[in-house]
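Please open the model in your viewer and keep the sequence panel visible. The tour proceeds by selection, with a short account of what is found at each stop.

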Amino acid sequence: MHAQANTHCKIVSLVDRSTMAVKMASDGLWQGENPLDFALPLLAVQIAVVLVVTQGLAFALKPLRQPRVVAEILGGILLGPSALGRWGAFRRTIFPEWSTAALDTVSGLGLLLFLFLVGLELDFGAVRRVGPRSVAIAGAGIVPPLLAAAGIVPLLDLAVPAPRDASYFSLCVFLGAALSVTALPVLACILKELGLLGVPFGETAMAAAAVNDVFAWTLLALALAVSGGGREPKGPPLAPVYILASGALFVVFTFFALRPLMARLARRAGPGGADGDLACSGAVACALLAGAVTDAIGVHPVFGAFVFGLAMPRESGFAERIGTKVAPLVSGLMLPLYFATSGLHTDVDSVQGVAAWGMVALVVAVAVAGKFGGTFAVAVAGTGMARREAAALGVAMSAKGLVELIVLNIGKEKKVLDDTTFAIFVIMALTTTVVATPLMTALYRQPPTATTPESDGVELKGGDACPA
């Protein structure tokens with residue numbers, strides 16, 4: 001009887017907790033309720049804590065000229081199970097398990113809008129100006145890491161034996177995407193601070209990174225289609241084929257049906273005013289709906305937002321106006337929250353033993369050597385670029401940063417990556433991003449060549465850290 005009573009009390013306690021978690025706000029301390037037991041005040045405190053910690057780290061890392069994403073990831077790791085999360089009272093009070101869904105939802109919405117902005121800002125004009133060189137350099141940075149992933153997966157099974165809800169092929173594709181991706185926003189920031197965006201070297205790097213990003217998201221869509229979130233198929237045997245076909249139809253519909261409609265809307269809205277604001281709101285709403293559609297198809301919502309951003313018309317300054325209105329909220333609040341939650345989900349302690357840390361070293365070496373070696377070889381032999389510039393381009397294309405974290409989080413969400421593999425690749429993303437700016441700065445302190453005019457400057461301006 002006593003055991004039954006205890007069980008009943010525990011069940012009632014769990015029911016009460018779940019009810020309290022769903023309730024938006026408390027009745028206040030004077031009514032005997034703790035605001036941190038309710039969704040909205042706890043979410044507000046969580047966001048405030050994340051912003052204070054990440055901005056403090058960004059300020060501390062400013063002299064080291066590090067991208068802001070480094071501070072955001074480190075802040076999340078500091079708040080997560082690897083550091084402060086070990087303190088039970090802190091974890092239960094500020095980041096209890098029942099609050100995870102709300103925090104992940106808000107940060108996921110920020111991610112979706114960010115990918116919409118990435119698609120919106122990709123400059124295909126630069127790809128056309130650079131021509132086949134950008135495709136060749138991008139391909140050279142993609143193929144070696146992608147092939148290396150096939151060899152890493154068996155070694156990963158030996159070094160980190162863990163149950164994984166993914167087939168060998170889907171794991172290879174996910175890890176290949178993670179190793180071959182280039183963080184376009186971080187690269188743009190580094191080039192801007194080095195004064196290289198307006199020169200042939202900068203255009204080549206940005207065009208190659210744009211091609212790389214489009215390929216990486218296509219590869220990720222393929223991985224999502226074939227993985228199905230686990231080993232056991234949830235639908236008909238041909239479900240992956242249906243997903244890929246539906247995704248292709250979505251892309252065709254977006255570019256050939258929605259794009260002309262958005263172009264007409266942009267022309268009608270004009271350069272500004274109330275109609276312009278309405279058109280911008282409509283475009284954001286369509287991006288969110290595109291995410292919902294690709295989720296229904298079986299591909300992650302970020303793919304729909306990214307494709308819709310790519311399809312947005314560039315004429316009349318419409319895309320620029322949308323970016324001006326949406327970017328401050330996304331980059332200033334929602335995106336830092338996303339990368340901090342990535343850190344919260346990263347348990348560095350799960351990487352234990354010589355074999356696991358050897359795997360970390362191998363993954364970092366493959367990520368850097370694959371991107372650097374392929375890019376350097378093609379840039380020198382195929383395009384005639386100077387060796388120093390080709391080396392700088394290889395370093396720049398090795399920066400992972402935020403795009404890498406997006407790929408990894410999707411892999412973990414779909415249960416393709418286990419906790420230890422996720423932590424290993426987060427460490428790799430941090431390492432490659434941290435070394436990118438110092439190495440680029442060191443390379444461009446040398447005398448300028450014909451393709452890097454002296455007037456464009458070769459050092460970071462004012463020691464400002466990358467805001468990306």
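Select glutamate 72 first, together with its surroundings. Leaving aside neighbours within four places in sequence, glutamate 72 is in contact (heavy atoms within 4.5 Å) with Thr54, Pro336, Phe339 and Ala340. The residue belongs to helix α3, residues 68-79. Helices (H or I, at least four residues) and strands (E, at least two) are DSSP runs, numbered from the N terminus. Is glutamate 72 buried or exposed? Its relative accessibility is 3%, so glutamate 72 counts as buried. Here buried means under 20% relative accessible area, exposed means over 50%, and partly exposed lies in between, with a 1.4 Å probe and protein chains only.

Before moving on, note that this is a predicted model, in which local features need pLDDT of at least 70 and side-chain atom pairs count only at pLDDT 80 or more, whereas totals for chains, interfaces and linings use all residues. Residues are numbered from 1 along each chain as its sequence is written, and side-chain values use heavy atoms, with hydrogens and water left out.

**The whole chain**

Now display the entire chain as a cartoon. It contains 18 helices and zero strands. Of its 468 residues, 50% count as buried. Among contacts between residues at least 6 apart in sequence, 79% join residues at least 24 apart.

**Leucine 120**

Next, select leucine 120 in helix α5, residues 100-121. Leucine 120 is buried, with a relative accessible area of 5%. Show proline 313 as well: the two residues are 193 apart along the chain, and their C-alpha atoms are separated by 8.7 Å. Beyond four places in sequence, the contacts of leucine 120 are Gly309, Leu310, Met312, Arg314, Ala319, Ile322 and Gly323.

**Helices α7, α8 and α17**

Two packed helices are described by the angle between their axes and the distance between the axes. Select α7 (residues 132-159) and α8 (residues 168-180), which pack at an angle of about 130 degrees with their axes 8 Å apart. Axes are lines fitted to C-alpha atoms, for helices over the stretch in contact, and angles run from 0 to 180 degrees between N-to-C directions. The two helices are therefore oblique to each other. Angles under 35 degrees count as roughly parallel, over 145 as roughly antiparallel, 65 to 115 as roughly perpendicular and the rest as oblique. Show the side chains where they meet: α7 contributes residues including Ile142, Leu146, Ile152 and Val153, and α8 contributes residues including Tyr168, Leu171, Cys172 and Leu175.

Cysteine 172, in that interface, counts as buried at 11% relative accessibility. Compare cysteine 286, which is partly exposed with a relative accessible area of 29%. How many disulfides does the count come to? With a disulfide taken as a pair of cysteine sulfur atoms within 2.5 Å, the count comes to zero.

Keep α8 on display and add α17, residues 401-413. The axes of α8 and α17 come within 9 Å and cross at roughly 165 degrees. That makes α8 roughly antiparallel to α17. Phe174, Ala177, Ala178 and Leu179 of α8 make the contact with Glu404, Val407, Leu408, Ile410 and Gly411 of α17.

**Helix α18 and isoleucine 424**

Hide α8 and add α18, residues 419-443. The axes of α17 and α18 come within 9 Å and cross at roughly 175 degrees; the pair is therefore roughly antiparallel. Residues meeting across this pair include Leu405 and Leu408 in α17, and Phe422, Phe425 and Met428 in α18.

Within α18, select isoleucine 424. At 0% relative accessibility, isoleucine 424 counts as buried. Methionine 359 is 65 residues from isoleucine 424 in sequence and 7.6 Å away in space, C-alpha to C-alpha. Apart from neighbours within four places in sequence, isoleucine 424 contacts Leu156, Val160, Val351, Ala356, Met359, Val360 and Val363.

**Threonine 346**

For the last stop, select threonine 346 in the loop between α14 (318-344) and α15 (354-381). Is threonine 346 buried or exposed? Threonine 346 counts as buried, at 1% relative accessibility. Its side chain reaches the backbone oxygen of serine 342 at 2.7 Å. Not counting residues up to four places away in sequence, threonine 346 touches Ile77, Pro81, Ser82, Phe422, Ala423 and Val426.

How values were computed: A polar contact is a pair of N or O atoms within 3.5 Å; within protein, one must be able to donate a hydrogen and the other to accept it, and residues adjacent in sequence count only if both atoms are side-chain atoms.
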